[in-house]
Amino acid sequence: MVLGAAVIAAAPVQAQQVVTSPAPAKVAVTIYRAPDRAPDDAIDPAWLGGYALISEEREVAIPAGDATIRFEGVAAGMLAETALVEGLGAGVSEKNLDAELLSPRNLYARAYGRPVTLRRTDAKGHIREEEAIIRSAPDGAAIVQTRVGFEIANCGGLKDAIAYDGLPEGLNARPTLSIATHAASARKARVRLTYLAWGFDWAAHYVVKLAPGAQAAQMTAWVTLANGDTTGFAQAQAAVVGGKPKFDESREQPEEPEDLVLHCQLSPVAPPAMVVPPAPMAAPAVMMEADIMVTGAKRMMAPVVVKEEVLGDLRLYRVPMATNVGAHSQKQVALMAARRVKLGLIHRADVDLGAEDGESQQARIRLRIANRKADGLGLALPAGGLAVVQQVGAAALPVGEGAMEDKAVGETANVEIGASPQVHLESRTRRISDRVELITATARNANRWPVHFESQQLLPDGARVISASAKLGRQDGHPLWAVTIPAGGKVSLSYRLQMPR
């Protein structure tokens, strides 16, 4: 008899032979990030919306005649229709994912109407056992029938636990893929099992440490791998895929099994809820174990850095050493070791002629990074969050945070990282004639250092600039004013605007 959840050692007698492969000899886990999660959104460990392509190699002994081969320890979130088994040869007739796992909730539900044992502990710590029959579903109070009548578990000052004398048919202690085979003769085979599984995710995060003057910086990047599955993968070849692959979500994701919480509904003051002890493979917890791969002995060594590979239009980042991808866990490896990069720190405020005349607006700070080798980069950069800090003496002070989209080599990233309380822009409009207006824009810098400033002139449809006090560029179809504002100073732009008829 076992308490809470049980695994019965004796397998049921079956007409055909059953061969069990308990674990893979080699495994590779390639994670695709959640397609609907924004680059600056944190991974939600309670609901991972990405996928993993899992490839396993297993040694199996295929018996002659009809048999069932059970691959135990596959991912609980396996999409069974994607499973591809190579190396078995001819004679595979069907595949089944036996995924109704052993859990406190499933065990209780399957024991409805069956005899169990109540293990009761009174206020003095005395324990006694008595027979009972479960008479309620696993939601709410646990109603059981004993020799004295119907009772609610955990009431009357008793702390009750439910012991089961067997494992209901159909529950599995571990996620299992079973395959029916027919072979003319017995043989040993090394097979490869490949499948997709949901409940995984990964994210990139960049840290930019500005040098004095903000003309250069030190940039590092990390990759976080997350596994929300009940199955862990030991010594796996792990990798993540950058870019935006197309997913065809034609199926609903299965719900995770819930814990079983039984409440006493008759007590005037409800005692603490009794939670049936969890099964060996429990449902995902909200918090995950974190694992940061940084090697070291007496002094800190360089972190493990992923290796970039081309995967069609996408990029694959491979961990260069075997690593554990644990169940309900996160692991962090370096995407890019610290390197010196060139960048631009731009203060931006646009002139909108529809805004109130003379209104002062705060500039926004943008980090401009050219992804090219000459500027210290020149590698595919996956989307992710970005934090900027400024080194001031021995302290690194936060400047702002933003998000970067996927950037290929040669592309430029403009990442907005926050507001600039020290840089402001105001504009005024004066009518010259029926169709001509004079616009004056003034930008002020209260910092003790000069700043690069940009302002896009958001013109009405059909309007055009006929003269300006400074040379204007072009961006997104609108005039662009780019200038350096001296420390504690101001700059002005005036231009004549001809309105449409």
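# A tour from Arg37 to Trp481

The backbone oxygen of Trp202 sits 2.6 Å from a polar atom of the Arg37 side chain. Select those two residues to begin, and keep in mind that this is a predicted model.

**Stop 1: around Arg37.** Arg37 belongs to the loop between β3 (26-32) and β4 (50-62). Is this arginine buried or exposed? Arg37 is buried, because its relative accessibility is 19% and the cut-off for buried is under 20%. Now show what surrounds Arg37: beyond four places in sequence, Arg37 touches Ala42, Ile43, Asp201, Trp202 and Ala203.

**Stop 2: the tryptophan pair.** Stay with the loop between β3 and β4 and select Trp47, together with Trp198 in strand β14. The whole structure has 2 aromatic pairs, and here is one of them: the ring centres of Trp47 and Trp198 are 5.3 Å apart with the planes at 50°, so the pair counts as tilted. Because one ring is in the loop and the other in the strand, the pair ties together parts 151 residues apart in sequence. Colour by accessibility, and Trp47 comes out partly exposed at 42%, whereas Trp198 is buried at 5%.

**Stop 3: the largest core.** Which residues have the most contacts inside the largest nonpolar core? Pick Ile54, Tyr195, Phe233 and Leu367, in a core of 62 residues. Strand β14 (residues 187-210) contributes the most to this core, with 11 residues. Centre on Leu367 next; leaving out neighbours within four places in sequence, its contacts include Val208, Leu210, Leu386, Val388 and Ile417.

**Stop 4: Arg368.** Move one residue along to Arg368, in strand β28 (residues 360-370). Arg368 is partly exposed, with 24% relative accessibility. Which side chains make polar contacts with the side chain of Arg368? Draw a line to the side chain of Asn414 at 2.6 Å and another to that of Glu454 at 2.8 Å. Beyond four places in sequence, the residues Arg368 touches also include Leu343, Ile346 and Thr412. For a backbone distance, take the C-alpha atoms of Arg368 and Lys342: they are 9.2 Å apart, with the two positions 26 residues apart along the chain.

**Stop 5: the other aromatic pair.** Finish with Phe453 in strand β33 (residues 451-458) and Trp481 in strand β36 (residues 478-485). Their ring centres lie 5.9 Å apart and the planes meet at 80°, so this pair is edge-to-face. Both Phe453 and Trp481 are buried, and the pair ties together parts 28 residues apart in sequence.

Key:
Residues are numbered from 1 along each chain as its sequence is written. This is a predicted model: local features need pLDDT of at least 70, side-chain atom pairs count only at pLDDT 80 or more; totals for chains, interfaces and linings use all residues. Side-chain values use heavy atoms; hydrogens and water are left out. Helices (H or I, at least four residues) and strands (E, at least two) are DSSP runs, numbered from the N terminus. Buried means under 20% relative accessible area, exposed over 50%, partly exposed in between (1.4 Å probe, protein chains only). A polar contact is a pair of N or O atoms within 3.5 Å; within protein, one must be able to donate a hydrogen and the other to accept it, and residues adjacent in sequence count only if both atoms are side-chain atoms. Contact means heavy atoms within 4.5 Å. A nonpolar core is a set of buried Ala, Val, Leu, Ile, Met, Phe, Trp, Tyr and Cys residues joined through side-chain atoms within 4.5 Å. Rings of Phe, Tyr and Trp (its six-membered ring) pair if their centres lie within 6.5 Å; planes under 30 degrees apart count as stacked, over 60 as edge-to-face and the rest as tilted.
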